[in-house]
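Work through the exercises below with the model open beside you. Try each task before reading its solution.

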Amino acid sequence: MFVPQFLFTTQDKTEPKLVYPRGKIIVEGLWTLTFPELRAWADQTIYLDVPEEERIIRRIMRDGVRGRNKEQTLRIIPEVEQLGSIYVKPYMQYADIIIKT
């Protein structure tokens, strides 16, 4: 199976990586449950349900490493949260376990 790759520093996709499942593989990421192929291969899926306040704090810290200041990050939070509700949260239904953090 080919798994998409992404460079956060440049916000670019790179060549997909060929992965052969053996033993146990842990796959993590925002979009992991959106791929039917990955869900089909999974023995178990887990969704971390993180409160909005914690997501914002993590986003501010992460974006700071990427060169954004706090104000820049806070300006995009409403759009990011809306898109998460549309494109990420619906895939929680595919999780075998939901962990509320």
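**Exercise 1: A bridge between loops**

Asp 43 and Lys 24 form a salt bridge, with their closest N and O atoms 3.1 Å apart. The model is predicted. Task: find where Asp 43 and Lys 24 lie, and state what the pair ties together.

Solution.
- Step 1. Place Asp 43: it lies in the loop between helix 1 (36–41) and strand 3 (46–49).
- Step 2. Place Lys 24: it lies in the loop between strand 2 (12–18) and helix 1.
- Step 3. Combine the two. The pair ties together parts that are 19 residues apart in sequence, because each partner lies in its own loop.
- Step 4. Check the surroundings: Asp 43 and Lys 24 are both exposed.

**Exercise 2: A bridge within a helix**

Task: Arg 58 forms a salt bridge with Glu 54. State how far apart Arg 58 and Glu 54 are in helix 2, in residues and in turns.

Solution.
- Step 1. Take the contact: the closest N and O atoms are 3.1 Å apart. The salt-bridge cut-off is within 4 Å, so the pair qualifies.
- Step 2. Locate both residues in helix 2 (residues 52–65). They are 4 residues apart, so about one helical turn separates them.
- Step 3. Classify Arg 58. Its relative accessibility is 43%, so it counts as partly exposed.
- Step 4. Classify Glu 54. Its relative accessibility is 32%, so it also counts as partly exposed.

**Exercise 3: A buried partner**

Task: classify Arg 68 and Asp 63 as buried, partly exposed or exposed. Then name the network they belong to.

Solution.
- Step 1. Start from the bridge: the side chains of Arg 68 and Asp 63 meet at 3.1 Å, N to O.
- Step 2. Arg 68 has a relative accessible area of 38%, so it is partly exposed.
- Step 3. Asp 63 has a relative accessible area of 0%. Buried means under 20%, so Asp 63 is buried.
- Step 4. Follow the shared partners: salt bridges join Arg 59, Arg 62, Asp 63 and Arg 68 into one network.
- Step 5. Set this in context: the whole structure has 8 salt bridges.

**Exercise 4: Surface and rings**

Task: which residues form a nonpolar patch on the surface, and which residue lies over the face of Tyr 94?

Solution.
- Step 1. The patch consists of Leu 30, Trp 31, Leu 83, Ile 86 and Tyr 87. Together they have about 510 Å² of accessible area.
- Step 2. Take Leu 83 from that patch. It is found in helix 3 (residues 70–87). At 36% relative accessibility, it counts as partly exposed.
- Step 3. Turn to Tyr 94: Arg 39 lies over its face, 3.6 Å from the ring centre.
- Step 4. Count aromatic pairs: the structure holds 1.

How values were computed. Residues are numbered from 1 along each chain as its sequence is written. This is a predicted model: local features need pLDDT of at least 70, side-chain atom pairs count only at pLDDT 80 or more; totals for chains, interfaces and linings use all residues. Side-chain values use heavy atoms; hydrogens and water are left out. Patches are made of residues with over 30% relative accessible area and no salt bridge: like charges are joined within 9 Å, nonpolar side chains (Val, Leu, Ile, Met, Phe, Trp, Tyr) within 5 Å. Accessible areas come from the Shrake-Rupley method with a 1.4 Å probe; for residues, only the protein chains shown count as cover. Helices (H or I, at least four residues) and strands (E, at least two) are DSSP runs, numbered from the N terminus. Buried means under 20% relative accessible area, exposed over 50%, partly exposed in between (1.4 Å probe, protein chains only). Rings of Phe, Tyr and Trp (its six-membered ring) pair if their centres lie within 6.5 Å; planes under 30 degrees apart count as stacked, over 60 as edge-to-face and the rest as tilted. A charge sits over a ring if NZ of Lys or CZ of Arg is within 6 Å of the ring centre and within 35 degrees of the ring normal.
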